Amino acid sequence: MSKYKPEDLIKHLKEKWGGRHCPLCTVGNWEVQDSVFELRQFSGGDLVVGTGPIVPVVPVVCSNCGNTVLINALVAKLVKRPKEAQS
Ligand SMILES: [Zn+2]
């Protein structure tokens with residue numbers, strides 16, 4: 001489980017979304033998850049470790065209807081790319 005600073009994502013969303021509510025229910029406020037998750041390429045149901053790209057994402061959930069938006073943690077600068085993390 002990979003943690004990041006939720007306040008960094010909240011700042012990013014304020015800049016990019018401008019305080020917009022959920023587009024589906026137009027009611028809810030957003031809640032950010034406190035961990036970074038991974039999207040990996042589907043490999044026919046087999047778990048393949050160590051190959052293929054992984055997309056790090058943070059789910060942002062509408063507290064009213066549950067609509068879930070995945071924010072790319074690299075684009076939002078919440079995590080570093082692997083090459084940057086090693087150096
Ligand atoms: Zn909603």
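## The nonpolar core

In this predicted model, the largest nonpolar core consists of six residues, namely L9, V57, V58, I71, A73 and L78. In soluble globular proteins, nonpolar side chains tend to be buried together. Buried residues account for 9% of the 87 residues in the protein chain.

A73, one of the core residues, has contacts that can be listed once neighbours up to four places away in sequence are set aside: Y4, V36, P56, V57, V58, L78 and V79. Among these partners, V57, V58 and L78 belong to the core as well.

## Overall layout

The protein chain contains two helices and five strands, and from the N terminus on these elements follow the order β-α-β-β-β-β-α. Taken along the principal axes, the C-alpha atoms fill a box of roughly 40 × 35 × 20 Å. Of the contacts in the protein chain with a separation of 6 or more, 54% are between residues 24 or more positions apart.

## Strand pairing

Strand β4, which covers residues 54–62, is joined to β5 by five bridges, and the two strands run antiparallel. Within this pairing V60 stands opposite V69 in β5, while the bridge partner of P59 in β5 is L70. The two strands also form a hairpin with five residues between them, and in the turn G66 has a positive phi of about 90°.

β4 pairs with β3 too, in the antiparallel sense and over four bridges; here R40 has I54 of β4 as its bridge partner, and F37 is matched in β4 with V57, a residue of the largest nonpolar core. A further antiparallel pairing, over three bridges, links β2 to β4. Strand β1, made of residues 2–3, pairs with β3 in the antiparallel sense over two bridges, with K3 standing opposite S35 in β3.

How many of the residues of strand β3 are buried? The number is zero out of the six residues in 35–40, so β3 lies largely in the open.

## Helix α1 and the loop after it

Helix α1 has 12 residues and reaches 16 Å from its first C-alpha to its last, which is close to the 16 Å expected at 1.5 Å a residue. Just after α1, G18 takes a positive phi of about 60°.

The loop between α1 (6–17) and β2 (30–32) holds R20, and T26 is placed in the loop between α1 and β2 as well. Is R20 buried or exposed? R20 counts as exposed because it has 10 C-beta neighbours inside 10 Å, and the cut-off for exposure is 12 or fewer. T26, with 11 C-beta neighbours inside 10 Å, therefore counts as exposed too. Although T26 is not a glycine, it has a positive phi of about 55°.

Two C-alpha to C-alpha distances help to place R20 relative to the strands. R20 and I54 are 34 residues apart in sequence and 29 Å apart in space, whereas R20 and W30, which are 10 residues apart in sequence, lie 9.2 Å apart in space.

## W30 in strand β2

W30 lies in strand β2 and stands opposite C62 in β4. Leaving out residues up to four places away in sequence, W30 touches L13, V60 and C62. Of these partners, V60 is the residue that stands opposite V69 in β5.

Why does W30 count as partly exposed? The reason is that W30 has 19 C-beta neighbours inside 10 Å, whereas a residue is called buried if that number is 20 or more.

## The loop before helix α2

K77 is placed in the loop between β5 (68–72) and α2 (82–86). Its phi is near 60°, a positive value in a residue other than glycine. With 12 C-beta neighbours inside 10 Å, K77 counts as exposed, since the limit for that class is 12 or fewer.

Technical notes
Residues numbered from 1 in each chain as written. Predicted model: local features only at pLDDT ≥ 70, side-chain atom pairs only at ≥ 80, totals over all residues. Core = buried A, V, L, I, M, F, W, Y, C linked by C-beta atoms within 7 Å. Contact = placed C-beta atoms within 7 Å. Pairing = 2+ DSSP bridges. Expected span 1.5 Å × (residues − 1).
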